[in-house]
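Please examine the sequence and the model shown below before reading on. The paragraphs that follow move from the cysteines to a sheet with its helices, and then to a single loop residue.

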Amino acid sequence: MIFRILETKIAQQLKDDSAADRRFMALALALGRRGLGRTATNPAVGAVVVKDGIVLGRGWTAPGGRPHAEPQALARAGAAARGATLYVTLEPCSHHGKTPPCADAVVAAGIARVVSAMEDPNPEVAGQGHARLRAAGIKVDVGLFRAEAERDHAGHIRRVRDGRPHVVIKLAVSRDDKIAGEGRRPVAITGPAAQARTHLLRAQCDAILIGIGTALADDPLLTCRLPGLEVRSPRRVVLDSHLRLPLGGRLARSARQAPLWVITSAAAEAPAAALLGAEGAEVIRLDGTAQAADLETVLRELSRRGVTRLLVEGGSRVAASFLREGLADEFWLLRGPGEIGPKGLDALDGLALAAITDAPQWRLRTSEPLAGDTLTIYDHQS
């Protein structure tokens with residue numbers, strides 16, 4: 001009987017500990033997401049220092065990538081961190097970069113246990129941070145909420161493994177799978193709730209990309225206009241092989257307020273490049289062209305410039321090109337309730353939406369209503 005009572009108490013304690021671990025790691029993930037779109041080229045990490053169920057310190061990667069999350073959380077905890085548990089969404093770094101190794105800071109603070117969501121795929125870390133902690137006598141548990149952490153750190157993972165950003169394609173389509181009216185005429189498809197969700201997604205990405213066709217047809221601004229998040233507008237990128245972007249359009253006129261990169265071919269005319277440069281845009285010349293066949297070169301250049309999360313917002317040709325080239329990682333489909341009609345512009349140039357929605361290589365992550373519209377998110381299985 002005594003042993004049964006002890007076994008019951010131990011089982012309950014393990015259950016309580018597991019629930020606490022999940023709660024505090026969920027907090028660390030939420031904190032880390034505050035940095036999405038602002039920390040490149042560093043990952044947006046979250047960290048929490050906890051002792052006896054009390055949060056002693058919180059931290060997340062600062063804009064520009066430093067300071068890192070762990071030293072901020074440890075600094076806020078102070079001397080009380082000794083003997084505490086650190087919850088962190090990515091393995092603490094073990095190498096000397098522009099800041100000292102976070103693993104050394106964790107050891108120096110006297111942390112007794114580290115709960116880490118995942119190992120860092122960066123070859124400069126790759127398990128060495130966890131090994132350093134264990135060598136110092138710290139208990140290390142790895143893997144709690146790994147899938148969620150991998151999604152949050154997808155830009156970092158894709159960049160260090162493949163040398164390109166994590167690519168998110170977003171399309172707003174009508175009930176009959178159109179994205180514009182006849183002749184590419186802009187049409188309001190979704191309502192304010194869906195539009196607000198799009199602006200939040202923009203704020204969480206390092207750059208947003210469109211083709212010149214969308215720039216000419218829609219004259220978009222491509223900034224984040226959510227109250228309080230206006231400063232988090234991503235870099236705007238336009239694929240424009242012949243430099244047709246109008247100087248009087250909203251993109252060029254706002255180039256000094258939000259960065260504008262115009263990617264063009266090496267053969268583009270110098271006077272047009274000079275005029276765009278005078279407006280504040282940066283013209284990036286690539287060998288070959290900035291067409292669909294050269295998207296890998298475009299992505300490598302963006303990655304070299306620090307972009308880890310890229311949002312592709314338009315249009316049908318550009319989105320279809322990323323899909324055909326196998327360069328899309330997420331697909332956000334916002335569907336409005338109205339129809340545009342058979343003369344409207346198809347969502348994907350030459351591709352049916354079923355190439356995403358019914359394809360085995362695309363997995364449905366979530367579907368949710370947005371005040372009359374619907375958001376459905378798919379993840380590519382690579």
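How many disulfides does a search of the whole structure find? The structure is a predicted model, and the search of the whole of it returns zero disulfides. Two cysteines illustrate this result. Cys93 takes part in no disulfide, and its nearest cysteine sulfur, belonging to Cys102, lies 3.6 Å away. A disulfide requires the two sulfur atoms to be within 2.5 Å, so the pair formed by Cys93 and Cys102, at 3.6 Å, does not qualify. Cys93 has a relative accessibility of 9% and therefore counts as buried. Cys224 is likewise in no disulfide; for this residue the nearest cysteine sulfur is that of Cys205, at a distance of 11 Å. With a relative accessibility of 2%, Cys224 also counts as buried.

Attention may now turn to the sheet. Five strands form an open sheet in the order β2-β1-β3-β4-β5, and their pairing is mixed. The edge positions are taken by β2 (54–60) and β5 (139–142); each has a single partner strand, so one side of each has no neighbour in the sheet. From one strand to the next, the twist averages 15 degrees.

Within this sheet, β3 (residues 85–88) and β4 (residues 113–116) are paired in the parallel sense, with four bridges between them. Val88 has Ser116 in β4 as its bridge partner. Helix α4, which spans residues 128–135, packs on the sheet and touches β4 and β5, its direction making about 150 degrees with that of β5. Another helix, α2 (residues 69–77), lies across β1 (46–51), β2 and β3. The direction of α2 runs at about 145 degrees to β2.

The last stop is a loop residue, Asp329. This residue is located in the loop that connects α12 (316–324) and β13 (330–335). Is Asp329 buried or exposed? Its relative accessibility is 6%, and because buried means under 20%, Asp329 counts as buried. The side chain of Asp329 reaches the backbone nitrogen of Val167 at 2.8 Å. Val167 also appears among the contacts of Asp329 when neighbours within four places in sequence are left aside. On that basis, Asp329 is in contact with Arg158, Arg164, Pro165, His166 and Val167, and also with Trp362, Tyr378, Asp379 and His380.

Key. Residues numbered from 1 in each chain as written. Predicted model: local features only at pLDDT ≥ 70, side-chain atom pairs only at ≥ 80, totals over all residues. Heavy atoms only, no water. Pairing = 2+ DSSP bridges. Helix = DSSP H or I, 4+ residues; strand = E, 2+ residues; numbered from the N terminus. Axes fitted to C-alpha atoms, helices over the stretch in contact; angles between N-to-C directions. Contact = heavy atoms within 4.5 Å. Buried < 20%, exposed > 50% of the residue type's maximum accessible area, 1.4 Å probe, protein only. Polar contact = N/O pair within 3.5 Å; in protein donor to acceptor, adjacent residues only side chain to side chain.
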